[in-house]
Amino acid sequence: MGVHVHEHCLKMARREDGTPWWSAFPEPSSSPVKITWSEVARLVQDRDQSQPREFLLVDTRRTDCIGGTIQGSLNIPAHSFYLMRAMLYDLCKQAGIKRIVFYCGSSNGRGPRCAAWMQDYINFVSDGSGSDYESDSGCSAEMTTQVMVGGIRGWVKAYGGEMMEGYDEKTWEHPKPDEETR
């Protein structure tokens, strides 16, 4: 997949032996589809509370998961995500989730990596050979992943604290340096 990682982020994301945290897991092969903040906002705003949810928002931040999260998001830190993807798939399948939208600080590392790992898993369990995919993009007919462009930082720039849980305005006045790959 080749996720771009800033050098300063890479230094923060290294394990004791000097390797990045994600090196313990396979490199993802899928390239998740991108979704804009406005499309995610529409999903959140237009959701009919009386109907089952057809999408899930996954916030992959870890220690930098401060300042709030988008309404209804599930926080699964990227560092533990790979081992949780089968369970998440089972839960989403049972709940009728059709779309899983991932994000992190700025969606330049953790969010896209987790979305790709999840799409790889969806593709694997859908058929294993890819014969039931709708397109060459690797999207399963039953479930797909997306990455919210700009991450939570972009969301806050666009919407402030709207449609957020735990919004803390002070956090966003002077945000910490991007911990994108931590």
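# Close-up views of a predicted model

**View 1. A buried arginine in helix α3 and its surroundings.** Leaving aside residues up to four places away in sequence, Arg85 touches Trp117, Met118 and Tyr121. The structure shown in this and every following view is a predicted model. Arg85 belongs to helix α3, which covers residues 78-95. What is the nearest side chain of opposite charge to Arg85, and how far away is it? That side chain is Asp120, at 7.3 Å, and Arg85, although buried, has no salt bridge. A salt bridge would require a side-chain nitrogen of Lys or Arg within 4 Å of a carboxyl oxygen of Asp or Glu. A backbone atom does lie within reach of the Arg85 side chain, in that one of its polar atoms is 2.6 Å from the backbone oxygen of Tyr82.

**View 2. Helix α4 within the structure.** Helix α4 spans residues 110-126, and its 17 residues reach 24 Å from the first C-alpha to the last, which is close to the 24 Å expected at 1.5 Å a residue. Of these 17 residues, 14 are buried, so α4 is largely enclosed by the rest of the structure. When following a helix such as this one by eye, it helps to remember that an α-helix has 3.6 residues a turn, so residues three or four places apart point the same way.

**View 3. The open sheet of five strands.** The five strands of this sheet follow the order β1-β6-β5-β2-β4, and their pairing is parallel. At its edges are β1 (33-35) and β4, each of which pairs on one side only. In general, strands of a sheet pair through backbone hydrogen bonds, either parallel or antiparallel. Strand β5 (99-103) pairs in the parallel sense with β6, residues 144-148, over four bridges, and it also pairs in the parallel sense with β2, residues 55-59, over five bridges. Individual residue pairs can be followed here: Arg99 has Thr144 as its bridge partner in β6, and Phe102 has Val147 as its partner in that strand. Turning to β2, the residue Asp59 has Tyr103 of β5 as its bridge partner. Four of the five residues of β5 are buried, so this strand, too, is largely enclosed by the rest of the structure.

**View 4. The side chain of Asn75 in strand β4.** Asn75 sits in β4, a strand made of residues 74-75, and it is described as partly exposed because its relative accessible area is 36%. Which residues does Asn75 touch, not counting residues up to four places away in sequence? They are Asp59, Arg61 and Cys65. Two of these contacts can be examined at the level of atoms: a polar atom of the Asn75 side chain lies 3.0 Å from the backbone oxygen of Asp59, and a polar atom of that side chain lies 2.9 Å from the backbone oxygen of Arg61. As for Cys65, which is ten residues from Asn75 along the chain, the C-alpha atoms of the two residues are separated by 8.3 Å.

**View 5. Arg153 in helix α5 and Tyr103 in strand β5.** Arg153 lies in helix α5, the helix of residues 151-159, and it counts as partly exposed because its relative accessibility is 24%. Although Arg153 and Tyr103 are 50 residues apart along the chain, their C-alpha atoms are separated by 9.9 Å.

**View 6. Two loop residues with a positive phi.** Most residues other than glycine have a negative phi. Where, then, does Ser107 lie? Ser107, which is not a glycine and yet has a positive phi of about 55 degrees, is found in the loop between β5 and α4. Met163 likewise has a positive phi of about 55 degrees without being a glycine, and it belongs to the loop between α5 and β7 (164-165). Are these residues buried or exposed? Ser107 counts as buried because its relative accessibility is 10%, and Met163 counts as buried because its value is 12%, given that buried means under 20%.

**View 7. The whole protein, for orientation.** The secondary structure comes to six helices and seven strands, and from the N terminus on the elements run α-β-α-β-β-β-α-β-α-β-α-β-α. Of the 182 residues of the protein, 47% count as buried. Among the contacts with a separation of 6 or more, 73% are accounted for by residues 24 or more positions apart.

Key. Residues are numbered from 1 along each chain as its sequence is written. This is a predicted model: local features need pLDDT of at least 70, side-chain atom pairs count only at pLDDT 80 or more; totals for chains, interfaces and linings use all residues. Side-chain values use heavy atoms; hydrogens and water are left out. Helices (H or I, at least four residues) and strands (E, at least two) are DSSP runs, numbered from the N terminus. Buried means under 20% relative accessible area, exposed over 50%, partly exposed in between (1.4 Å probe, protein chains only). Lys and Arg count as positive and Asp and Glu as negative; His and the chain ends are not counted. A polar contact is a pair of N or O atoms within 3.5 Å; within protein, one must be able to donate a hydrogen and the other to accept it, and residues adjacent in sequence count only if both atoms are side-chain atoms. Contact means heavy atoms within 4.5 Å. The expected span of a helix is 1.5 Å times one less than its number of residues. Two strands pair if DSSP finds at least two bridges between them.
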